[in-house]
Amino acid sequence: MTIGKSPDRDNRRSSAGKTGAVPGRDGSDGTPAAPEPAAEGPSIGRVLSGARIEAGLTVDQVSTSTRVRVPIVHAIEEDDFGRCGGDFYARGHIRSIAKAVGIDGDELVARYDAAHGGAPATKRPSQLLDTGPIKVTDRRRPNWTAAMVAAICAVVALIGFNLVNGKTGVSGTGSASAPLPSGSGTGSVAAASPSVQPPAPAPSVAAIAAAPADKVTVKLVAEKDASWVSAVDGNGKSLYQNNIDAGQDQTFTDAKQIKLVIGNAGAVHVYVNGKDLGPAGKDGQVVHVTYTPGDPQAG
């Protein structure tokens with residue numbers, strides 16, 4: 001008895017080898033072949049790095065022209081946006097670097113938004129523009145007027161009280177006590193007048209709220225610690241470059257814009273065009289911000 005290969009099995013193998021059909025790969029079984037993934041383009045960091053090299057610029061030169069620190073420029077070119085301090089500052093850095101190396105920054109920002117959750121809402125800045133300064137102005141004026149009226153009423157009442165006491169003292173004690181009412185009355189009025197002036201600090205805030213609408217006014221107050229601050233106006237002129245110690249403040253005004261670099265953002269309180277924006281950032285954080293007339297959130 002001879003053991004050999006089955007003729008039917010050999011025939012099936014030979015027919016499959018001739019046709020070359022493999023089920024599930026060439027569509028012979030009715031299922032379409034899986035599409036190949038499309039190749040992705042270069043990342044944002046590679047685009048910026050390539051454009052900088054093509055423009056013949058070094059990282060130090062880009063940092064100087066954009067005021068973005070060298071380590072942050074390196075991080076962005078490596079697609080590490082965590083050192084930017086948030087999406088708001090990352091978008092600003094991408095635009096600044098793209099402009100410096102001569103490419104379209106808006107396209108790169110759109111790619112960044114697509115990869116990091118989308119662009120910020122556009123209605124909120126307009127609401128701040130329309131309602132912010134008006135609310136501050138309307139709230140301050142009635143308070144100041146009421147304080148002045150209360151102070152005047154208090155002074156008038158005090159003078160009337162002293163006059164009544166003066167007449168009673170003259171009729172009850174005689175001429176020996178006559179000089180006392182006028183002396184005590186004058187002293188009381190003089191002493192009482194400063195006592196009804198607690199609203200005096202308000203003009204400093206009102207002065208910021210009443211800043212001209214065609215100019216930008218920025219006030220920085222170092223509340224709990226010192227911070228290094230650099231301020232540049234719309235023409236690129238340096239307005240200030242030094243430390244602000246705790247308890248001190250600096251105010252800057254320009255017709256176009258104020259560009260700030262704050263070295264310790266958590267220690268500096270920011271007021272822009274009469275609006276209280278709160279601390280500039282977190283303790284130890286370095287922020288780059290730009291403010292324009294009537295737009296406290298620009299940057």
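R67 is partly exposed, as its relative accessible area of 39% shows. In this predicted model, R67 offers a convenient way into the structure, since the residue sits in the loop between α3 and α4. Its backbone also deserves a look: phi is positive, at about 65°, although R67 is not a glycine. Most residues other than glycine have a negative phi.

A second residue of this kind follows on the other side of α4. D79 comes just after that helix and belongs to the loop between α4 and α5. Here phi is near 60°, again a positive value in a residue other than glycine. With a relative accessibility of 33%, D79 counts as partly exposed, because this value falls between the 20% limit for buried residues and the 50% limit for exposed ones.

Between these two loops runs helix α4 itself, spanning residues 70–77. Five of its residues are named as buried: I72, V73, A75, I76 and E77. What covers them? The cover includes three other helices, namely α2 (44–54), α3 (59–66) and α5 (87–101).

The packing of α3 against α4 can be described in some detail. Two packed helices are described by the angle between their axes and the distance between the axes. For α3 and α4, the angle is about 115° and the axes lie 9 Å apart. The two helices are therefore roughly perpendicular to each other, and their crossing is right-handed. On the α3 side the meeting residues are V59, D60, V62 and S63, while α4 contributes V70, V73, H74 and E77. Two of these α4 residues, V73 and E77, also appear among the buried residues of the helix.

Helix α5 brings H93 into the picture. Is H93 buried or exposed? At 6% relative accessibility, H93 counts as buried, because that value is under the 20% limit. Leaving aside residues up to four places away in sequence, H93 touches V68, I72, I76, C84 and H288. I72 and I76 among these partners are buried residues of α4, and α5 is one of the helices covering the buried part of α4.

Beyond α5, the chain passes through a loop that leads to α6 (105–115), and D104 lies in this loop. D104 has a relative accessibility of 47% and so counts as partly exposed. A polar atom of the D104 side chain lies 3.1 Å from the backbone nitrogen of D106. Looking back along the chain, I94 is ten residues away from D104, and the C-alpha atoms of the two are separated by 9.9 Å.

Further along, the record adds a label of its own. In an unreviewed UniProt entry, residues 144–164 are annotated as "transmembrane region". In the model, this stretch is 100% helix and 0% strand, with 30 Å between the C-alpha atoms at its ends.

Finally, a view of the whole chain sets these details in context. The chain holds nine helices and eight strands. Of its 299 residues, 29% are buried. Among the contacts in the chain with a separation of 6 or more, 58% come from residues 24 or more positions apart.

Conventions:
Residues are numbered from 1 along each chain as its sequence is written. This is a predicted model: local features need pLDDT of at least 70, side-chain atom pairs count only at pLDDT 80 or more; totals for chains, interfaces and linings use all residues. Side-chain values use heavy atoms; hydrogens and water are left out. Buried means under 20% relative accessible area, exposed over 50%, partly exposed in between (1.4 Å probe, protein chains only). Helices (H or I, at least four residues) and strands (E, at least two) are DSSP runs, numbered from the N terminus. Contact means heavy atoms within 4.5 Å. UniProt positions are given in the numbering used here, feature names are shortened, and annotations may be inferred rather than shown by experiment. A polar contact is a pair of N or O atoms within 3.5 Å; within protein, one must be able to donate a hydrogen and the other to accept it, and residues adjacent in sequence count only if both atoms are side-chain atoms. Axes are lines fitted to C-alpha atoms, for helices over the stretch in contact, and angles run from 0 to 180 degrees between N-to-C directions. Angles under 35 degrees count as roughly parallel, over 145 as roughly antiparallel, 65 to 115 as roughly perpendicular and the rest as oblique. A crossing is left-handed if the near helix is turned anticlockwise from the far one by less than a right angle, and right-handed if clockwise.
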